[in-house]
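Here is a short set of exercises to work through with the model open beside you. Try each task yourself before reading the solution.

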Amino acid sequence: MLLIEVDKPFNDPDYYFEIKFDGIRAKCFVTKNEIQILSRNNQDLTSYFPELKDLTKLVNDKVIFDGELVAFNNLKPSFKDIMMRIRIKNKTRIATEASNNPIVFVAFDILYKNKDLTTLPLKKRKEILNKYPDTEVFTKTKYIESDGVRLFKEIKKLNLEGIVAKKIESPYHINKRTNDFIKIKNLHIDDFYIGGFEYKKNDIISLALGEIRENKFNYVGKVAISKKKSIYKDIINTRESKKNYFSNFSEEIHYLKPTIKIRIEYLEKTKSGMLRHPKYKDF
């Protein structure tokens, strides 16, 4: 089941509201003897997370959980750490990480328990899911009813990714986006300079963005915009620079003197200063 996105939190007695965890969306197929973990695009991730074999101890049936693979760092989800885990290929190192830094499968839905549960309302599916105990590597999302605005205020204080609103009486719509599942991201907005651009397909150009830190012009990532945006003419009419002003970026693009500043909406900055999920907001 997929989510649509809205800009602002809301209150509604017809919805549950829960934290959106910053990890990898996954389905867990579990029996008493084995487990298989598939990503949203059906990549098999089972071998990367041997610690999740413990989920077999929770069930006596054939079960499919829907949830998020999350790496916690100082009690906060770390997208960097979960991505690091799926880049490890060495079996010995995988086993070491599984023992020393186990990830957690955060379950927010159950789709199957010896029979298809997707036609049941979410409220009933939550009741079934909540019968499974939390462990070191398995937990269930907690949720509140009605008050999405209050929950969003709390996650902003903690600088978490966002919240999800789920209609209490909703069935599980496989591979569909509906108003029954809604995400509201905790986004940041800042201004960045354009240091260059490159042409892409389908009337799209990609802008190389930078900011000044420690008296250097540092590359922070790229954002795509349509040629239909009013700023497009300003960019292509700006005289190209023979100089690359970036201190940490070098590609074959059209470089510009960083004089045009644009407003960007993004999820967070990585430790290296790169923008996650940047989106053009304004000129």
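**Exercise 1. Place Asn159 in the fold, and find what is unusual about its backbone.**

Step 1. Start with the location: Asn159 sits in the loop that runs between H4 and S11. Its position is just after H4.

Step 2. Turn to the backbone. This is a predicted model, and in it the phi of Asn159 is near 55 degrees, a positive value in a residue other than glycine. For context, most residues other than glycine have a negative phi.

Step 3. Check the exposure. Asn159 has a relative accessibility of 42%, so it counts as partly exposed, a class that lies between the 20% and 50% cut-offs.

Step 4. Look for another example. Asn74 also has a positive phi, near 55 degrees, and belongs to the loop between strand S6 (72-73) and S7. With a relative accessible area of 70%, Asn74 is exposed.

**Exercise 2. Work out which residues of helix H4 are buried and how they are arranged around the helix.**

Step 1. List the buried residues. In H4 (residues 148-158) these are Gly148, Leu151, Phe152 and Ile155.

Step 2. Look down the axis of H4. The buried residues fall within an arc of 100 degrees, so they line one face of the helix.

Step 3. Now turn to the other side of H4, where Lys153 and Lys157 are exposed.

Step 4. Find the packing partners. The buried residues of H4 pack against S2, strand S10 (143-147), S11 and S12.

Step 5. Finish at the N-terminal end of H4, which is capped by Asp147. A side-chain oxygen of Asp147 lies 3.1 Å from the backbone nitrogen of Arg150.

**Exercise 3. Decide whether Lys140 is buried or exposed, and find the polar partners of its side chain.**

Step 1. Locate the residue: Lys140 is part of strand S9 (residues 138-140).

Step 2. Compare its accessibility with the cut-off. The relative accessible area of Lys140 is 11%, and buried means under 20%, so Lys140 is buried.

Step 3. Look for polar atoms around the side chain. One polar atom there lies 2.6 Å from the backbone oxygen of Tyr132. The side chain of Lys140 also makes a polar contact of 2.7 Å with the side chain of Asp134.

Step 4. Complete the surroundings. Leaving aside residues up to four places away in sequence, Lys140 touches Ala107, Leu129, Asn130, Tyr132, Pro133 and Asp134.

**Exercise 4. Describe the surroundings of Phe105.**

Step 1. Place Phe105 in strand S8 (residues 104-113).

Step 2. Read off its accessibility: at a relative accessible area of 0%, Phe105 is buried.

Step 3. Consider one partner. Leu52 and Phe105 are 53 residues apart in sequence, yet their C-alpha atoms are 7.6 Å apart in space.

Step 4. Widen the view. Not counting residues up to four places away in sequence, the residues that Phe105 touches include Ala26, Cys28, Leu55, Phe65, Leu69, Val137 and Phe138.

Step 5. Set this beside the whole protein. Residues 24 or more positions apart account for 65% of the contacts with a separation of 6 or more, and 47% of the 283 residues count as buried.

**Exercise 5. Describe the two largest pockets by volume and lining.**

Step 1. Take the volumes. The largest pocket has about 640 Å³. Of its 29 lining residues, Lys20, Gly23, Arg25, Arg40 and Glu68 are the closest to the centre. For the second largest pocket, the volume is about 520 Å³.

Step 2. Find the centre of the second largest pocket. Among its 19 lining residues, Asp22, Pro77, Ser78, Phe79 and Glu268 lie nearest that point.

Step 3. Identify the elements. Those supplying at least two lining residues to the largest pocket include strand S2 (11-20), helix H1 (79-85) and strand S12 (177-185). In the second largest pocket, H1 gives the largest share of the lining, three residues.

Step 4. Sort the linings by class. The largest pocket has 13 nonpolar, five polar and eleven charged residues in its lining. The lining of the second largest pocket divides into four nonpolar, six polar and nine charged residues.

Key:
Residues are numbered from 1 along each chain as its sequence is written. This is a predicted model: local features need pLDDT of at least 70, side-chain atom pairs count only at pLDDT 80 or more; totals for chains, interfaces and linings use all residues. Side-chain values use heavy atoms; hydrogens and water are left out. On a 1 Å grid over the protein atoms alone, a cavity is a set of points where a 1.4 Å probe fits but cannot get out, and a pocket is an open set with protein on both sides within 12 Å along at least five of seven lines; lining residues have an atom within 4 Å of a point. Grid points are joined across faces, edges and corners, and a volume is the space filled by probe spheres set on the points. Helices (H or I, at least four residues) and strands (E, at least two) are DSSP runs, numbered from the N terminus. Ala, Val, Leu, Ile, Met, Phe, Trp, Tyr, Cys and Pro count as nonpolar, Asp, Glu, Lys and Arg as charged, and the others, Gly among them, as polar. Buried means under 20% relative accessible area, exposed over 50%, partly exposed in between (1.4 Å probe, protein chains only). A polar contact is a pair of N or O atoms within 3.5 Å; within protein, one must be able to donate a hydrogen and the other to accept it, and residues adjacent in sequence count only if both atoms are side-chain atoms. Contact means heavy atoms within 4.5 Å. The arc is that of the directions from the helix axis to the C-beta atoms.
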